[in-house]
Amino acid sequence: MTSMRRERNREGVTARQDKTTACIPPDPPNIVTDRLNLALSSSGPSFILSLCPNALYMIQAPILFAAPDQEIGTLGYPTDDSRATRCHTTAVDGTCPKCSGAQLRNIQVNGNCAGAPPAGGEANIEMGGPNSKQLIEYVHSYDPRSWSCLHIAEGGFLCNNIVVQNNDIGHCGSDAFQQWADGISVSCRSAIVRNNVVSLVTGTTDGGIVLFGSPGTMVNTLLGGINMVDVIPWGGNYVGTVVQNNTIVGGLATDSDSAIQKDCQNVDDVIIKIGIAIGPQTWFGRLFLAVLNNMLTGAFGYGIVVTSARNFNVQGNKLVGNISFIGSRGPNCSASNPTPASTAFVVGLANVTASTLQSDFQPVQDAKGLTCVQPPPGGNFWPYGGNPS
């Protein structure tokens, strides 16, 4: 396998000047895990581990980055289903203390090829750690047995400047109670998360993109829901975080359109419960900067909910195309807390301080635990969709 020369631009994206000429095949499968890990551990910095297109790798343990600037990818860098597929929960781990510059590119990760039940442990893909300038791009991650399809870990708060781009994520998790999973979970300072697709029906059952503090992180252009609700591990520090110019697409009708219908049924009864959630109490839960110019379309429980937040600027967010707010009070809603009616923009003013919100937010007494809402029990509620632009 030949080595590659590569250059990074200022945003951490890699330009390629050569191509690898060989790939490591998946056969014999009983030793493929050892062969892949040996190639990484014995080759040193800048080694490129090429997998074969259209190949299925039935690994038995995570594949571990072992040195700076190593890469794992599919030969030829395809972006379709010909990308090599790895089957294993926590299939790739790039969190070693010397894994700065690691690149995961153009592969697929199926966390549950064998159809096993949910399990504890880590995400399908674990990157980040005490490292910088990693790149995850054109990766399809789906069906994790644990809590997330892709996790960028904080690494003792040393993780910084990681780029997560052009990935397609989902399905992640189950609709069964407390068996949900995130799409992309980010706990890394000054990360860039952009141009990722996290769709609703084939996407996630918890949060589409979840920021665990991640000070200085920018999230651009995704299809899914965004959560800024976690105090752990950064102590609620969202300083410098910007969430802007995203299109969040909720549930849409699945029956045939007609000249007289604007709404109809969705055979999967799907909605996004909260398009953008700011503050832990929206997610069953104080300290928590800009949520700007995002667009929402489709069916939601709530568009944007703000509670238990400080120093947030929420401006210029819009409803576009066909949209409806159809969440109904579910069996897991607290009997002691009122659940506000589904609507676009909700703020629990009692616990929001020093924040600037656009004028169409509706104040409510209590905005706790709004993920307890569920789709209505039948009826023609879902709007017909299409390209929200």
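This is a short dialogue about reading disulfides, burial and contacts in a predicted model.

Me: Where should I begin with this chain: how many helices and strands are there?
Reply: Start with the overall make-up. The protein chain has 1 helix and 35 strands. Of its 389 residues, 54% are buried. The chain exposes about 15900 Å², and carbon and sulfur atoms supply 52% of that area.

Me: How many disulfides does a search of the whole structure find?
Reply: The search finds 6 disulfides. A handy way to describe them is to count the bonded cysteines along the chain and write down who pairs with whom. For this protein chain the pattern reads 1-2, 3-6, 4-5, 7-9, 8-10, 11-12.

Me: Let's take one pair. How far apart are the sulfur atoms of Cys 23 and Cys 52?
Reply: They are 2.1 Å apart, and the two residues form a disulfide. The pair links distant parts of the chain, 29 residues apart. Cys 23 sits in the loop between strand E2 (14-16) and helix H1 (32-41), while Cys 52 sits in the loop between strand E3 (48-51) and strand E4 (56-57).

Me: And why is the disulfide of Cys 23 and Cys 52 called right-handed?
Reply: Look at the torsion about the S-S bond. For Cys 23 and Cys 52 this torsion is about 100 degrees, so the link is right-handed.

Me: Are Cys 23 and Cys 52 buried or exposed?
Reply: Here the relative accessible area is the number to read, and under 20% counts as buried. Cys 23 has 26%, so Cys 23 is partly exposed. Cys 52 has 12% and therefore counts as buried.

Me: What does the disulfide between Cys 96 and Cys 99 look like?
Reply: The S to S distance is 1.9 Å. With 100 degrees about the S-S bond, the link of Cys 96 and Cys 99 is right-handed. Cys 96 is buried at 17% relative accessible area, and Cys 99 is buried at 0%.

Me: Which parts of the chain does the pair Cys 333 and Cys 372 tie together?
Reply: The sulfur atoms of Cys 333 and Cys 372 lie 2.1 Å apart in a disulfide. Cys 333 belongs to the loop between strand E30 (318-325) and strand E31 (343-348), and Cys 372 to the loop between strand E34 (362-364) and strand E35 (382-383), so the link ties together parts 39 residues apart in sequence. The torsion about this S-S bond is about 90 degrees, so this disulfide is right-handed. Both Cys 333 and Cys 372 are buried.

Me: Now the interior. How many residues does the largest nonpolar core have?
Reply: The general idea first: in soluble globular proteins, nonpolar side chains tend to be buried together. In this model the largest nonpolar core has 66 residues, and Leu 49 and Ile 152 have the most contacts inside it. A second, separate core of 9 residues includes Ile 274, Val 305, Leu 370 and Val 373.

Me: Finally, a single residue. Where is Thr 339, and what does Thr 339 touch?
Reply: Begin with its place in the chain, then look at its neighbours. Thr 339 is found in the loop between E30 and E31. At 24% relative accessibility, Thr 339 counts as partly exposed. Leaving aside residues up to four places away in sequence, Thr 339 touches Tyr 302, Arg 329, Cys 333, Leu 370, Cys 372 and Val 373.

Me: What joins the side chains of Thr 339 and Arg 329?
Reply: A polar contact of 2.4 Å joins them. Thr 339 and Arg 329 are 10 residues apart in sequence, and their C-alpha atoms are 7.0 Å apart in space.

Key:
Residues are numbered from 1 along each chain as its sequence is written. This is a predicted model: local features need pLDDT of at least 70, side-chain atom pairs count only at pLDDT 80 or more; totals for chains, interfaces and linings use all residues. Side-chain values use heavy atoms; hydrogens and water are left out. A disulfide is a pair of cysteine sulfur atoms within 2.5 Å. Helices (H or I, at least four residues) and strands (E, at least two) are DSSP runs, numbered from the N terminus. Buried means under 20% relative accessible area, exposed over 50%, partly exposed in between (1.4 Å probe, protein chains only). A nonpolar core is a set of buried Ala, Val, Leu, Ile, Met, Phe, Trp, Tyr and Cys residues joined through side-chain atoms within 4.5 Å. Contact means heavy atoms within 4.5 Å. A polar contact is a pair of N or O atoms within 3.5 Å; within protein, one must be able to donate a hydrogen and the other to accept it, and residues adjacent in sequence count only if both atoms are side-chain atoms. Accessible areas come from the Shrake-Rupley method with a 1.4 Å probe; for residues, only the protein chains shown count as cover.
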